Amino acid sequence: MKEDKIKLMEVCGTHTMAIARAGIKKLLPSEIELISGPGCPVCVTSQADIDRAIEISRIDNVIITTFGDMMRVPGTKTSFEDMKRDGADIRVVYSPLDALTISEDNPQKRVVFMGVGFETTSPTVAATIIEARKRGLRNFFVLSNFKVLFPALEALAGSSKLKVDGFICPGHVSVVTGTIPYAKIASHYKKPCVITGFDEIDIVKGIKRLVEQIKSHRCTTEIEYRRAVTEDGNIEARRVLDSVFDVKDSHWRGLGMIKESGLKLKNKYRQFDAEKEFKVKLPKAILPKGCICGEVLQGIKGPRDCKLFGKVCTPRKPVGPCMVSSEGTCAAYYRYGE
Amino acid sequence: MIGIDKNITLAYGNGGRLMHELIDMLRSKFSNKILNELSDAAEFKVNSTRLAFSTDSFVVKPLFFPGGDIGKLAVCGTVNDISMKGATPLFISLAFIIEEGLEFSILERITSSIKQSAAKAGVLVVTGDVKVVEKGAADKIFINTAGIGVIKKYSLGTKAKPDDVIIINGPIAEHGMAILNARENLGFLSTIKSDCRNLNFEVKRCLKASKNISVMRDPTRGGLATSLNEIAYSSNLGIEVYEKSIPVRANVRKLCDVLGFDPMYVANEGKFICFVKEKDAMKVKHAIGKGTRIIGKVTSSHKGEVYLKTQIGASRILPMLEADQLPRIC
């Protein structure tokens, strides 16, 4: 008798990469299917938000600071990498605090930090903004494209197109958020959630616990990453985050506009808001023809369903963002031959 | 012009697929039997003596880093390239391109290091050159070295043999991560040191221990994965390596994890892989000494490709580096 397939979504891009790197899919029983979710911050950033950052980089005496992942992401017309080659001052930083140092070293220039990321990243940027105020910096700005994970997760849990049986939940995000935001996913949408770490053993154990929940018809949130995650999460990080940012509606590539799924600077920190400081004219955002990143991010299609995959779209010349980021689903499939 | 690119980007220098395309474009221009071998050093005969000849340029930033400096690197780089041919390095040349403004004290530190490294490797600096260029035309100092060695026992090629065993002389990714940590001021209080050192004496011991070594390669730019792919490709054979046998120090692995780097693609400057007939593997392993590991074998299946047996026992492709590794967000 053929068993029903169990469809699990790994929400986080770092999980997608780790699963591919360890070859976990090849060892799983055939009835368990893993699909990749929207948890790559670079990938879900909308085309318009990327275009805005690129337009700002064209302005004289502006230094853009960004995490490395963003460099090759194609906007409608060009990318940071191409802009840099053509002379724009774009610098890869490893910590948002590095951008403050650059601001101090270049008082005659305006320094913009390209803020992309989930709850793992945004508290550190909030702390950076508080520090910028403390240091009295007037030439430091943040372009806030931060995303809040849970509204998107709810959208996926409630999606009629995507029928997921459970979520492999992100360890890093959960270090900050704790388990409380998962409660609705488990109880209202009846989707088991297991938070897990990034070693292959963590992931395999996480999958096992999800399957156990599904087989016994339970829907709860479990932690398989106790060495880092607690129920309460990092209360201090959330306090810092909430003191600097408010939620806003935000556009996700593939998922569209999701209510209260983004972050904007609070009014009292508006002097650091790059969107307010730089009024730029955006090109009409055109998504690359043939690219199915949007559907890949929703888990409806896989990279190999894309006609461009591995032919026109490669990590070197990516057409869509999922091929760029070290957490992108297409990059993982390309690199590890999934 | 290569493919769709009109300009040379940094990716053409990172040791990955693009660099190989660029090298091949240049090679075809000067095509000849010796060059076309594309080994770390050229091999040819003068009268009855077989020689190995190699050159390398050094542009490392910062000039001084934990475990080494540009001077030490300039000696070891060329010494090791000659050694990978199975030759004993004897003489090296030394050329500087100096940006105006460089402090004499820095030049002094670099030349002292060169002197020390050359003495350690047993090579003589026998010719040289100095150029000074205006500010901005170079970055402080660039060094080129070339070297000549004599092939005494037998020369090593670029092709592995079916069923060869692959040996590595120690943990990988140390040079690349030490440089990255020093260059980017990451602020990690790290104990990672570059593995930069001369390999000629270790190679000599290997050649003495076995007559059945087919290839040696020092996995510098592009890391271990790139060297394995080069050899699989040039031999038209498959390679299988075992993740759990590939040594990576805990501190290097952690820094790689934090930045989202794969140690398999990070540069080494004091490591070599040795392809040897299985029956001599233990002899070679002992000849090299502590820290040496057998990491894989050559197969007749999946020709031209490298497969990695992962920690949990799955098998997946280990491709050539496609584009520069970029530090990740989270």
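How many residues of chain B are in contact with chain A, and how many residues of chain A are in contact with chain B? Select both chains of this predicted model, and display the residues on either side of the boundary: 32 residues of chain B are in contact with 35 residues of chain A. Between them the two chains bury about 2,800 Å², and carbon and sulfur atoms account for 61% of that area.

**Between the chains**

Select next A:Arg335 and B:Asp262, whose side chains meet in a salt bridge with an N to O distance of 4.0 Å; the count of salt bridges between chain B and chain A is one. Polar contacts between these chains, taken with both residues at pLDDT 80 or more, come to two residue pairs. Now colour α1 (17-30) and β14 (315-317) of chain B, each of which supplies at least two residues of the side that touches chain A. The largest share of that side, three residues, comes from β14(B). If you then colour the chain B side by class, you will find 16 nonpolar, seven polar and nine charged residues.

**Within chain B**

Hide chain A and turn to the division of chain B into domain 1, residues 32-150, and domain 2, residues 165-317. If you place a marker at the C-alpha centre of each domain of chain B, the two markers will lie 23 Å apart. Across the boundary, 19 residues of domain 1 of chain B are in contact with 21 residues of domain 2 of chain B. The area buried between these two domains is about 1,800 Å², with 64% of it given by carbon and sulfur atoms. Pick out B:Pro66, B:Asn80 and B:Met84, which together supply 29% of the area that domain 1 of chain B buries against domain 2 of chain B, more than any other three residues.

**Polar links and elements between the domains**

Which side chains should be selected to see a salt bridge here? Choose B:Asp40 and B:Arg217, whose side chains meet at 3.9 Å, N to O; between domain 1 and domain 2 of chain B the count is one salt bridge. The same pair of domains has five residue pairs in polar contact, both residues being at pLDDT 80 or more. Finish by colouring α3 (70-83) and α4 (104-121) of chain B, the elements that give two or more residues to the side of domain 1 that touches domain 2. The largest share of this side, seven residues, comes from α3(B). By class, the domain 1 side has 10 nonpolar, four polar and five charged residues.

Note on methods: Residues numbered from 1 in each chain as written. Chains lettered and ligands numbered in written order. Predicted model: local features only at pLDDT ≥ 70, side-chain atom pairs only at ≥ 80, totals over all residues. Heavy atoms only, no water. Domains from an automatic or database assignment. Contact = heavy atoms within 4.5 Å. Buried area = accessible area lost by both parts, 1.4 Å probe. Polar contact = N/O pair within 3.5 Å; in protein donor to acceptor, adjacent residues only side chain to side chain. Helix = DSSP H or I, 4+ residues; strand = E, 2+ residues; numbered from the N terminus. Nonpolar A, V, L, I, M, F, W, Y, C, P; charged D, E, K, R; others polar.
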